[in-house]
Amino acid sequence: MSQHLSSFLSGLSALEVTALVLLISVGGAFVMEKVVIRLLFQYTSRTETSLDNIVVQELRWPIVVTVSLTGIFLFSRAPAVAEALVVDSATLNDFFGLPSLSVGIVVWAWALNRLVNRLVEAVKDKGSRYDFAPVFSNVWTIVVSVGTIGALLYIWGIEITPLFAGAGIAGIAVGFAAKDTVANFFGGIALYFDDTYKIGDYVVLDSGEAGTVVKVGIRSTTLLTRDELLVTVPNSVLNAAKIINESAPNRRRRLKVPVGVAYGTDVDEFEELLTDIALDEPLVLDAPRPRPRFRRFGPDALEYELVCWVNSPLKRGKATHNLNREIYKRLNDAGIGIPFPQRDVHVHSTDAEATRQSPAAGLSNGGVRQPARTPDVAGEGAADEVADADADAEATTDEDDSAYDE
């Protein structure tokens, strides 16, 4: 095609080539903008979908710019122009041909990237199969950027084979340095193909975090908790964690409200009362029908559970609150007792302990014993009497101590 174009332009003079450039550039751009693009907008306005409008809007300027640059590219290929400007064809191509081609590549790359991103924004809320579309939007941006750089290097004659070799070595180094980021990226793709969750689902992680999925990115997933806090969890962690999706396969969730009643209660009347309470609660679904379940004979009460359903896991707390309030009121009105554990505490009091008498109180010298004197013959009888008296005093003291020990 390039040979046919060169042969066609070789038969034209410099003035004719210039007129042809102006005709193609200005006239072609005018026709595309005022005729073709306008007709496309009129057609897309009558369709039911908005995707075709997005396509025309994003491709409008690339088409117009491409038509305009076509004239400049032809201008650089004309031999007569090179002769008139007293430059060779290579110089003319470097100043007009390659820049125009480069501008066209950049404009189309920018337009295609915006087109895909806008299409992703338009379809991501139209079903669970599009929930991970933002991930592929990010991947598309990377692919377009790399492809654009490679195309520019190629048309300017820069050898890219050494760059591929260097990119391989750099990729290994980056892989080790950014292994967590790479793991998050592939973890997000794995979560998409596993269809683990989607935006709007209420999930519970094995680490205890729970919340609604509000954003799925190429690196992480963001949860909005009931406290209105944003929790960002890396995709690699989610890919390896146990996830409970409480919004799948459908959003309704079963609710269990434990209730205890006293022994001797009419169970038929009590079960009918629980059923009426659940049916009167607006947050409780009528189908499946609420049912009271007698679970066990407890130590203090007949233990029941009111089993019912709500249409969202986020409504379980409010429904439980309303049911507990209404159960308490209705049981009080019906005279049905709600038992609760009771404990009896017995307090024992004792008399004050008698004051303990000191053993030294019976000694006349204040408790200090005097060393025994050597008795003489005449005082042996007196000494024996003193020893007997001391023995009697010690016996009395031992009896007092044993009384305290008891």
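Select glutamate 58 to begin: at a relative accessible area of 6% this residue is buried (under 20% relative accessible area, with exposed meaning over 50% and partly exposed in between, for a 1.4 Å probe and protein chains only). The model is a predicted one, in which local features need pLDDT of at least 70 and side-chain atom pairs count only at pLDDT 80 or more, while totals for chains, interfaces and linings use all residues. Residues are numbered from 1 along each chain as its sequence is written, and side-chain values use heavy atoms, with hydrogens and water left out.

Next, add arginine 114, whose side chain meets that of glutamate 58 in a salt bridge of 3.0 Å, N to O (a side-chain nitrogen of Lys or Arg within 4 Å of a carboxyl oxygen of Asp or Glu). Because arginine 114 lies in helix H5 (residues 89-123) and glutamate 58 in helix H3 (residues 51-77), the pair ties together parts that are 56 residues apart in sequence; helices (H or I, at least four residues) and strands (E, at least two) are DSSP runs, numbered from the N terminus. Arginine 114 is partly exposed, at 35% relative accessibility, and adding Arg118 completes a network of salt bridges with Glu58 and Arg114.

Move on to glutamate 246 and arginine 316, whose side chains form a salt bridge at 2.6 Å, N to O. This pair links distant parts of the chain, with glutamate 246 in the loop between E5 and strand E6 (253-261) and arginine 316 in helix H11, 70 residues apart.

Finally, select serine 312, in the loop between strand E8 (302-310) and helix H11 (316-334), which counts as buried at 8% relative accessibility.
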